[in-house]
Every structure is written in C-alpha cells, then in structure tokens.
Amino acid sequence: MTKPPLTLYLAAPRGFCAGVDRAIKIVEMAIEKWGAPVYVRHEIVHNKFVVDDLRAKGAIFVEELEDCPDDRPVIFSAHGVPKSVPAAAEARQMVYVDATCPLVSKVHIEAERHHANGLQMVMIGHAGHPETIGTMGQLPEGEVLLVETEADVAGLAPRDPERLAFITQTTLSVDDTAGIVAALQARFPAIVGPHKEDICYATTNRQAAVKAIAPKADAILVVGAPNSSNSRRLVEVGAKAGCSYSQLVQRAENIDWRALEGIGSVGVTAGASAPEILVEEVIDAFRARYDVTVEQVETAVENVEFKVPRVLRQMA
Ligand code: 10D
Ligand code: SF4
C-alpha cells in the first residue's frame, strides 16, 4: 500500500535551551562527584523522560527540602527557588548546588535591585508555577504583586503607584505579555522595568519559529510536558498564528492519528525541556504512516551556553 505524502515542517530552534542543558549536566556531574543518591528538589526540568533517565542514574526527586536527608547533596531545579530554600539548606549544613538558569537568576537580581531602590514589584507570571514562586520568594511577603492577565492589572492595589517596577516569568507568551505590559504602563505611567520583559531568548525564538510554520501547517505538534509552561505557550502560539489543530504530545504514542486524518502537512517543534530523541520518535511515527518530506524552518540560530557551577567544574 502506498503511503500518502506529508510535508513535515520542523521548527528551528526547538527543544533544549542552554539553561536546561546546564541543569541536566549539573545533576549528572553531581552524581559522578558525590555518588548516588543525589537529591533533586522538584523536577530538574519539566520532562518525565529526562527525570526518569536521571532517576535511573541515581537521582532522587522530591518536592521539598524537608524530604531530603542532611547528609546527601541536593540540587535545586532550573526554575529557581525562594531565598528561604538555600537558607534552610545552609542552616542544616547541607551540600547544595543551585541549577537555577542564569536567565532566571538575572530576574531575581533585578527584583532585588528594584527592592533596594524602594520600589514595589509587579510580577507577570503564572500563579503556582515554581519559577513564579521562586522569583516572588526573593523578596519579603507583600513586596511582589502577581498579575496573570491584562484584566488583573485593573485590580492591582500597590502601596504607591509612583514607586513600582515590573518583572516577568521567562517562559511567557511574548504577545500576551506585551499586552499586559502596555496595560501596566497605561495605569502606572511611572512604572519601571526591563526594555520589553524578562522572557528569555529560548522562549522568544521557539515562539517565532512556530509562528512561521503555523499558517502553512494543517496541524502542529509540540513535544513537551503538560506542566511545562514554555511548551504550553508554543501550543497556544501555534493556534493563535492560524493553525486550527495545535496539540501537546509527550511521546509519539500520544499522537491522536484519527484527528490528523486527511492532513497534507504537519509542523513539529519541542519545548525547551523536551529532548531531541522524542522529536525523532515523533518524526519516525509519521514516517511509518506517511511518505514524509522534512522541511526545516529556521528562524534563528542559537549559540548560548552556560557553564556549570565551579564546584562541579573543578572536578571535570
Ligand atoms: O515550565 P517551564 O517552561 O518554566 O519549565 P521547563 O522545565 O519546561 O523548561 C525550562 C524552563 C525553565 C527552567 C524556566 F525558565
Ligand atoms: Fe533559561 Fe530560558 Fe531555558 Fe528557562 S527557557 S531554562 S530561562 S534559557
């Protein structure tokens, strides 16, 4: 039986960013240095495949520092942690390595700088997300007000509307965030902030690549996890940019083939925490059913790399 033809638009950049790459290396190198088990507070990055692989190598994943023994090293996930977490680890004299992405740490430093200048902060982010909890936790209670949507801006009750700054989560929708920033600036003309927002290069580039593909693809599949903010934003961007079927898939086995019946093209990308091997698995699944022509759509070239912390570099 002949297979139907299918053009597969492969987004570039896609998948691992420099912060994820570094965080995974930190866990691997920590296991090498100190032996198993090494504890990791929260999923090092939001991907089950990555977490399962590291667990097999000797990592133990927990949600809270209280779940770790005093005498084993612990690593903090790439999303960042409130200040209280390293403080508690120090009080218990634990060995810890902070795998917070340097671009998240940059936002933490920004928040501290504004606070030192006497400004109250507005954080644009998702309630309950570990990065938002970590960033808000850099400052004392009440110093950071959270907004998730444009509509939330109207309900803000700052201490002094003249003395405000804003910061953002790094994995937000570029377009939605521009709307929220505009609403903040309209209501609080004196608000200070970054040039645009704190969305990182990887988030920005992956969204731009999906935007380029969406108008010509009959369907878009984003390889990523349901708890991965940046991956879920890629699904939304695909839909908003004109693709009527935009879906998240963790693995090839999750593809709903019936929903894809009759398509002539598909766009494939991956969130910043999704390994390339899972993208290959998805492409192979299409090859098994279609006569696939892969067309890479490259909208940016990335060459960002972050060093692992010195305590691990010395060993290498
Ligand atoms: O949910 P998320 O997009 O923030 O995290 P994920 O682990 O999926 O991707 C890496 C992004 C990080 C660590 C936050 F910047
Ligand atoms: Fe860092 Fe951006 Fe990757 Fe988050 S998505 S880990 S901020 S590079």
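In the predicted model, H42 is placed in the loop between β2 (38–41) and α2 (48–57). The backbone of H42 has a phi near 75°, a positive value in a residue other than glycine. Two further backbone features involve proline. A cis peptide bond with an omega of about -5° joins A36 and P37, and P37 belongs to the loop between α1 and β2. A second cis peptide bond, between A12 and P13, has an omega of about 5°. The loop that holds P13 runs between β1 (5–12) and α1.

Ligand 1 is surrounded by 15 residues, the closest being H46, S228, S229, N230 and S273. Several of its polar contacts involve the protein backbone. A polar backbone atom of S229 lies 2.6 Å from an oxygen atom of ligand 1, and a polar backbone atom of H46 lies 2.7 Å from an oxygen atom of this ligand. For N227, a backbone N or O atom is found 3.5 Å from an oxygen atom of ligand 1.

Ligand 2 sits in the largest cavity. The residues around ligand 2 are C17, G19, C101, L103, V104, T170, C200 and Y201. By class, this shell comprises 6 nonpolar and 2 polar residues, with no charged residues.

The structure contains 1 cavity of 30 Å³ or more. The volume of the largest cavity is about 280 Å³. Its lining comprises 24 residues, of which C17, V20, H79, T170 and T171 are the closest to the cavity centre. Two or more lining residues are contributed by each of α1, α4 (102–116), α8 and α9 (229–240). The largest share, 3 residues, comes from α1. In composition, the lining of the largest cavity has 12 nonpolar, 11 polar and 1 charged residues. C17 and T170, listed among the residues closest to the centre of this cavity, also belong to the shell around ligand 2.

Open pockets were examined as well. The largest pocket encloses about 270 Å³ of space. The elements giving two or more residues to its lining are α1 (18–34) and α8 (201–213). Of these lining residues, 4 come from α1, which is the largest share. The lining of the largest pocket has 21 residues in total, and F16, C17, A18, E302 and V304 lie nearest its centre. Its composition by class is 11 nonpolar, 1 polar and 9 charged residues. Both domain 1 (5–16 + 201–298) and domain 2 (18–101) give residues to this lining, and the largest pocket therefore lies between the two domains. C17 is listed near the centre of the largest pocket and also in the set closest to the centre of the largest cavity.

The second largest pocket has a volume of about 180 Å³. Its lining is formed by I133, M136, G137, L139, P140, E141, G142, E143 and V144. These residues divide into 5 nonpolar, 2 polar and 2 charged.

Conventions
Residues numbered from 1 in each chain as written. Chains lettered and ligands numbered in written order. Predicted model: local features only at pLDDT ≥ 70, side-chain atom pairs only at ≥ 80, totals over all residues. Heavy atoms only, no water. 1 Å grid on protein atoms, 1.4 Å probe; cavity = no way out; pocket = protein on both sides within 12 Å on 5 of 7 lines; lining within 4 Å. Points joined across faces, edges and corners; volume = space filled by probe spheres on them. Nonpolar A, V, L, I, M, F, W, Y, C, P; charged D, E, K, R; others polar. Domains from an automatic or database assignment. Near = heavy atom within 4 Å. Sits in = over half its atoms within 2 Å of the grid points. Polar contact = N/O pair within 3.5 Å; in protein donor to acceptor, adjacent residues only side chain to side chain.
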